[in-house]
Amino acid sequence: MKPMTDFPPRPAVSVGHIEQFQVDDNNRRVTFTTNSHSLSIRILSTGIVHLQLHNGEDIFHDLIRPLLEISLQYLPLEVKPENDTWSILAGPDTTVTVTRNLEITVLRTGTPCFYISHWMYAGTGVFCRLHLTPKERIFGLGEKTGALDKRGKLYTQWTTDVHPHTPSTDAMYQALPVTVLADPTGSRGLFLANTYRTYFDCRSSNFLGLGADDGPLSLYLFPGPTLKQVLYQYTDVTGRIPLPPRWALGFQQSRYSYPDQKRVGQIAEEFRKRKIPLDVIYLDIDYMDGYRIFTWNPNTFQNPAHLIENLDGQGVRIVTIIDPGIKDDTSFPVYRSGIAEDVFMRYANGEAFRSHVWPGQCVFPDFVRPSARKWWARLVADFVRPGIAGIWNDMNEPALFGADPKNPTLGGFANDAGLIHVADDSRMVSHDGIHNTYALFQAAATYEGLFQAGVDNDGGRPFILSRSGFPGIQKYAAVWTGDNSSWWEHLAMAIPMCLNLGLSGVPFVGPDIGGFFDSPTPELFARWIEAGVFFPFARIHSDKGTLDQEPWSYGRDIEAIARRYISYRYRLLPLLETLFEESHRTGSPIMRPLFWEFPDDAVAYDISDEFLLGRGLLVAPILQSGADQRLVYLPQGAWYDPWTGNVMRGPGHHLVPAPLHQIPLFLRAGTVLPIGRKVFSTKQLQGDWKAGRDGADMFWIIRGHGKFVAYSDDGSSQDYSQDVCRRIEMAIDDDNHQTSIVVTPTWNKKVPNVTKSHRFCVMPYPEPPINVRINGSPVPWRWKARTGLVTFALPHPFQSGQRMDILIEHT
Ligand code: GLC
C-alpha cells in the first residue's frame, strides 16, 4: 500500500452519528455504533483512557500485547445518557463524554484534557483529530529528523532503511506512533496502537490529525498531568527497559568491517596500550562466510574462540551483527533447517518470498510465527554460547535491495504486496500490518536466545542493539539511530532525535559517534566524542571505505581528548546505572530535554541543542565548525561550571568558552554525581559487588537543595528483580550557615555489606568551612581555594538502615 500524500485523502467521509450503544465486558467497555463503524471506550486503573474505532485486523492487541506480556486493568464504568450525550464515569476522577456525532471529551477531576472529533474513513483508512491548544508543543514520534518540537509537518510511521537522511526525511528505521504534548501548563500523551502505516499530521495550529492505512484507530490517551506521569503511563502500556548488563554502558567501538580477527585483536590492544577505556568491539557483516548469518569466514576469522578468549583477557567483549536475510543456498544449513521447519515468509499463494540483501538472494524468517521465534532463539543461543556477548540486529525494517537484475524472474522481487505472515496455524496477517513490528518480533526471539545462552553461562541480562523497532522495542533492545553522516548537522540532529526517542519510551539510544557515511574532520570527531560519551548508548561506527575512525585516528591531540572524555564516561558509570534503574522503574528517559526538569520554563521547550543527563548534569555540545564558544541556556537556579569554577544563574543565556578540548557542562545546585573509580573496562568492576565495593567511590555534590538515590547492583544478573540491590538516598540542603546532607542507605540481607568508606566532595565554598561533622562528631576535611572544594571521607562504611547526618558549617 502506498503512503498517503493527501492527508486525510479527499474521499474520506464521516463515520456518522451514533445509532446505539452497549455496555459489555463485565461493565468495563462501552461501545457506540454508527451506520458504518463502532467505537469502544475503556478506562484503565491509572486514568488512561482507551478509545478504539474498530476497523480491520487488531494486530496490536492480538499479537503485540501478548508478546510484550502486558496486562492492563480496566475499571468498571458507569454510563449516564442525557440529551444526545453520554457520560462515562470510572474511578475517582475520570469522565468521558460522547456526543451523538462522536465528539469525545476526556475530563480529569472535571477539567477537560482531551477533545477528539472528526472520525472519518476512506477505503481501509481511518482518521480523527485531536484538539491542540495554540501553545502546546508536539514531542516524541520516535526517531524523526528536525528539531525537538515536531509542529509544522506531516509524519509517517513506517520502518524504512534510509541513506542518508536529511531534515526533510520523514519515515525512518523506527516506527513509534507515540507523542507527548507539553507546555508550561502541563503534559499529556497519546499512543496510536496500530501496527499499519500511521500518520501524525502536525501542520495545523489547532489540531493534531491522526490516521492509519488500515486496522483500528486505537488511541491510548495519557492524562499526565506531568511529563513524568505521561512517560510512566505510556510505559505501563508498552513496557519499560530491563536493566542492561553493566558492560553495555561502557564505551564501544565498531566499523564496517574490521577485515580479520588479527585486526580486531590489534584494535583491542591499541585501546589498552593507549589507555583508552573500552568494553565492546562490534563485528560487522564481513566476519561471516559469504554473509551467511551464524557462520564465520574460515579465512579471516579462523578461530573465533581464540579471538573471544584473547579479547576477554583485555576486558573487551564481542557483539556480532546478525541480519534477517538468509542466503538462498541449499547447501547452507540455516537455510535448510528453516525450510524443513517452515519458518520463512511467503506470499498468500504459498510461494516463498525472496529478495536481495547483502548475501544476494535471500529468504526471511517470519518472526510472527511462534515456531520461527523458537527456531531463531535456538540459532542465536548456539551461536553466542562460546562467548559472544550480544547481538546487533541490523537491516530489520526489513531492508531489501530488490530483485537480482540478472535474474528478474527468479522471484527476486522485493514486493511487499501479497506477502503474508502466519500468526498461528489458523491466522494469516498481511505484511502491511506486520511491517512496522518485524524488528520487534525479531528482537523478542533474539532476546530469548541470548537469555537461554546467558542462563547457561554467567550472564542473564541479554544485550541487543536494534536499528528498527516499534513500541515495546525498549523491552528488548538498545537502539542506534542508523546510518548518519559525518556532518555537523548530524551531530546536532542526534540531540533532538535521541531526546524524542526517550520521550517515546525508548531510553537506551545513541548515534554512530563520528558519523557513519563519510569521514569526519578531526575537529568534528573530537566534538562528537565529547558529546557522545554523555548519550545513553556510546559507540563509534563508520562505513566501508571511510578513513579509520578509532579514537587515535586523528592525531595525538584528538586522541588525548577522546581518552579524557571516554574516561569521564567510566567515572560516571554509577550515575548511568542509577539512571537506567530509574528508567526501568518509571519509564523516564536517561538523556532528558531541559523541560523535563523545568516544566514551567517556556524557553526550555525550544532548546534542541542541550540536554540533561539525569537531573542535574547539563551538556551543551559544540555543534559548529570553528566555534570555540557558544550560547548556553541555563534554566532557573544556580549552575556550577566545572571547567572554570564559576557559578552562573538562570534563567538566561550565557556565552560560554569552549576550546577544542572542552564541552560546556554545568552542574545544577543540589546535584549529586556518584563517581566511580578509574577503570579501562567494566570487567575490572566485576568482583566489586561480592566484595562490597560496588557503586560510587565518591559523591560529588553541588551545594543547594536536592535529592538523589544512588543505585548499584551486581551489574550482570537478574537478581535486581528480587530487590538485590543497594540504594543510598541523599537529601541535600543548604542555607547561609550550613550544608546538610542526610544519607539513608537501604538494602536487604542478601546484599553484601559495604567494605569501603565513601568520600564526599562538596562545592563551591569561597572560604574554608568552619567544620564538618558526621552524626555530631567532627571529621578531618580539606579545602581547595581554587575550586572551593571541601573533601572528607566517612569514618566507617555505610550500613543499611543507619542514617548519617553530615553537616558542613560555613560562613
Ligand atoms: C547498515 C547498517 C550499518 C552497517 C552496514 C553493514 O548500513 O546500518 O551500521 O555497518 O549495514 O552491515
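Where is the place of Pro-225? Select it: Pro-225 sits in the loop between strand 18 (217-222) and helix 2 (227-238). Keep in mind throughout that this is a predicted model.

**Stop 1: the cis bonds**

Stay on Pro-225. A cis peptide bond links Gly-224 to Pro-225, with omega about 5°. Now go to Ser-257, in the loop between strand 19 (252-253) and helix 3 (261-273). The bond from Tyr-256 to Ser-257 is cis as well, and its omega is near -15°. Both are worth a look, because most peptide bonds are trans.

**Stop 2: positive phi**

Follow helix 3 into the loop that leads to strand 20 (280-283), and select Lys-275 there. Lys-275 is not a glycine, yet its phi is positive, about 60°. Next, pick Tyr-291, in the loop between strand 20 and helix 4 (304-312). Tyr-291 also has a positive phi, near 60°. Is Tyr-291 buried or exposed? Neither: its relative accessible area is 23%, so Tyr-291 counts as partly exposed.

One further case follows helix 1: Glu-69, with a positive phi near 55°.

**Stop 3: helix 1**

Step back from Glu-69 and select residues 59-68, which form helix 1. Eight of the ten residues in this helix are buried. Color them: Ile-59, Phe-60, His-61, Leu-63, Ile-64, Arg-65, Leu-67 and Leu-68. Note that the buried set includes His-61 and Arg-65.

**Stop 4: the whole chain**

Zoom out. The chain carries 13 helices and 50 strands. Its C-alpha atoms fill a box of roughly 80 × 75 × 55 Å along the principal axes. The radius of gyration is 27 Å; for 811 residues a compact globule would have one near 28 Å, so the two agree.

Of the 811 residues, 63% count as buried. Take the contacts with a separation of 6 or more: 70% of them join residues 24 or more positions apart. Switch on the surface: its accessible area is about 29,100 Å², and carbon and sulfur atoms account for 51% of that. For the charges, 77 positive and 86 negative, the mean positions are 5 Å apart.

**Stop 5: the cores**

Hide the surface and go inside. Which residues have the most contacts inside the largest nonpolar core? Select Tyr-220, Phe-463, Phe-534, Phe-699, Phe-760, Phe-792 and Phe-798; the core itself has 222 residues. Helix 8 (residues 438-456) gives the most to this core, nine residues.

Center on Phe-463. Beyond its sequence neighbours within four places, its contacts include Trp-247, Tyr-282, Leu-450, Phe-508 and Phe-537. Pro-245 and Gly-390 are also among them.

Another core lies apart from the largest one. This second core has 42 residues, among them Val-49, Val-96, Leu-130 and Leu-221.

**Stop 6: two alanines**

Select Ala-638, in strand 37 (residues 629-640). With a relative accessible area of 17%, under the 20% cut-off, Ala-638 is buried. Leaving out residues within four places in sequence, Ala-638 is in contact with Val-647, Met-648, Arg-649, Leu-667, Arg-668 and Ala-669. Draw a distance to Arg-703: 65 residues along the chain, but 9.5 Å between C-alpha atoms.

Finish at Ala-147, in the loop between strand 12 (137-140) and strand 13 (154-157). Its relative accessibility is 46%, so Ala-147 is partly exposed. Which residues does Ala-147 touch, not counting those up to four places away in sequence? Pro-496, Asn-500 and Ser-608. A last distance, C-alpha to C-alpha: Ala-147 and Ala-171 are 24 residues apart in sequence and 15 Å apart in space.

Note on methods. Residues numbered from 1 in each chain as written. Predicted model: local features only at pLDDT ≥ 70, side-chain atom pairs only at ≥ 80, totals over all residues. Heavy atoms only, no water. Helix = DSSP H or I, 4+ residues; strand = E, 2+ residues; numbered from the N terminus. Rg over C-alpha atoms; globule rule 2.2 N^0.38 Å. Buried < 20%, exposed > 50% of the residue type's maximum accessible area, 1.4 Å probe, protein only. Contact = heavy atoms within 4.5 Å. Areas by Shrake-Rupley, 256 points an atom, 1.4 Å probe, with all protein chains shown as cover. Lys, Arg positive; Asp, Glu negative; His and termini not counted. Charge placed at Lys NZ, Arg CZ, Asp CG, Glu CD. Core = buried A, V, L, I, M, F, W, Y, C linked by side-chain atoms within 4.5 Å.
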